[in-house]
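User: I would like to learn how to read a protein model feature by feature. Could you take me through one, giving the general idea before the case at hand?

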Amino acid sequence: MSFSDLFKKNCQSPPINYCENFISGYHEFFCAAFNTLNNLKTDKIGEFAAQCRILTTGNIQEIRNRFYRLRHVMYGYYYGTTYAKLNFKLLKQYSGNDFPALLAAGMMHRSGYCREKCTVLIADCPEYICLTLHGFNDWVPQVRSASEESFFNMLPKADLINVIMAYSEADHIIRSNRFSKKQFDRARIQLAERISRESGTDVISAIKTVIQPNDRCNLYFPLLRDRLISTETAESIIKTEKAEIADRLAPLVIEKYDLPVEHLIEMTESRFPRIR
């Protein structure tokens, strides 16, 4: 077959339906599918949002890594500007409870315009406060500004566990230099103040809703390092948490807190030389 014949054959092929492919589980079509949502039948919008829910499930690092890979799988595709015409009121009506997940996915889009729009709209969904905090570090200034505004609107309404997660994620963001130091410092201070106002029992209960021991450890660590919880709460963590978590945190507690002598004596019996 000549090149001319091949070209004619490809021109006659029906265009790829990105949304239908995304709904079928081919998530690599995400960015292209998002841009063509206006072409999707309303009874399919819920299915599209349900796939977005799958992509936005997990801890923040898993979500970001997942979308980072997706943003790099369709080189050469022209994303155009159809996202600017998306009817978000219609999307909200037909995506139901998964609309926040659709917006969260949009915050991971390759287009800065799309990220900005979704970041503005997600301000009413405080469960995604971690994503807006990461937006402080976006390479597009308008997205950074939208993230800052949405973050401070979310903070008073966010559940304790999401506030703790956001405080932990701040350690990852600070490694970059794109964020506004003034706004980032303000965010960390307000997160710390919110956590400090909560009772130790509530803090521990919130963190224990996280299943993976490593994830739990990562949430405890900055709270203990920055002494956002009391000595009594720190001791309670060491006494009541799983051994694999308590053993990892014990050296930090010893370093940062003035523990009673009897508690230090108990720790000399630890199986870890570092703790002894």
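User: Where should I look for contacts that link distant parts of the sequence, and what share of them join residues at least 24 apart?

Analyst: Start with the definition: contact means heavy atoms within 4.5 Å. Among contacts in the protein between residues at least 6 apart in sequence, 70% join residues at least 24 apart. Please keep in mind that this is a predicted model, in which local features need pLDDT of at least 70 and side-chain atom pairs count only at pLDDT 80 or more, while totals for chains, interfaces and linings use all residues. Residues are numbered from 1 along each chain as its sequence is written, and side-chain values use heavy atoms, with hydrogens and water left out.

User: Thanks! How many helices and strands does the protein have?

Analyst: Helices (H or I, at least four residues) and strands (E, at least two) are DSSP runs, numbered from the N terminus. Here the protein has 17 helices and zero strands.

User: And how do I read burial and surface?

Analyst: A residue is called buried under 20% relative accessible area, exposed over 50%, and partly exposed in between (1.4 Å probe, protein chains only). Of the 276 residues in this protein, 50% count as buried. Accessible areas come from the Shrake-Rupley method with a 1.4 Å probe, and for residues only the protein chains shown count as cover. The protein exposes about 14,900 Å², with carbon and sulfur atoms supplying 51% of it.

User: Can we try single residues? Is Phe-67 buried or exposed?

Analyst: Phe-67 counts as buried because its relative accessibility is 0%. Phe-67 has its place in helix 5. Leaving aside neighbours within four places in sequence, Phe-67 is in contact with Phe-30, Leu-55, Thr-56, Ala-105 and Met-108. The C-alpha atoms of Phe-67 and Phe-30 are separated by 9.0 Å, with their places 37 residues apart along the chain.

User: Which residues does Leu-224 touch?

Analyst: Not counting residues up to four places away in sequence, Leu-224 touches Ile-229, Ala-234, Ile-237, Leu-249, Leu-252, Val-253, Lys-256 and Tyr-257. Leu-224 lies in helix 14, and its relative accessible area of 1% is why Leu-224 is buried. For Leu-224 and Leu-252, 28 residues apart along the chain, the C-alpha separation is 7.1 Å.

User: What about a charged side chain, say Arg-216: buried or exposed?

Analyst: Arg-216 is at 7% relative accessibility, so it counts as buried. Arg-216 lies in helix 14. Beyond its neighbours within four places in sequence, Arg-216 is in contact with Ile-207, Lys-208, Val-210, Ile-211, Glu-241, Lys-242 and Ile-245. Arg-216 and Glu-241 are 25 residues apart along the chain, and their C-alpha atoms are separated by 9.8 Å.

User: And Thr-233, in which helix does it lie?

Analyst: Thr-233 lies in helix 15 (residues 231-240). At 9% relative accessibility, Thr-233 counts as buried. With neighbours within four places in sequence left aside, Thr-233 is in contact with Gly-200 and Ile-204.

User: How many disulfides does the structure hold?

Analyst: A disulfide is a pair of cysteine sulfur atoms within 2.5 Å. The structure holds zero disulfides. Cys-19 is in no disulfide, and the nearest cysteine sulfur, that of Cys-52, is 9.6 Å away. Cys-19 counts as buried at 2% relative accessibility, and Cys-130 counts as buried at 10%.

User: Now the pockets, please. What is the volume of the largest pocket?

Analyst: On a 1 Å grid over the protein atoms alone, a pocket is an open set of points where a 1.4 Å probe fits, with protein on both sides within 12 Å along at least five of seven lines; lining residues have an atom within 4 Å of a point. Grid points are joined across faces, edges and corners, and a volume is the space filled by probe spheres set on the points. The largest pocket has a volume of about 750 Å³. Its lining has 27 residues, of which Gly-58, Asn-59, Ile-60, Met-165 and Glu-169 lie nearest the centre. Helix 11 gives the most to this lining, with six residues.

User: How is the second largest pocket lined?

Analyst: The second largest pocket, of about 320 Å³, is lined by 17 residues, of which Arg-64, His-134, Asn-137, Asp-138 and Trp-139 lie nearest its centre. Helix 9 supplies the largest share of that lining, three residues.
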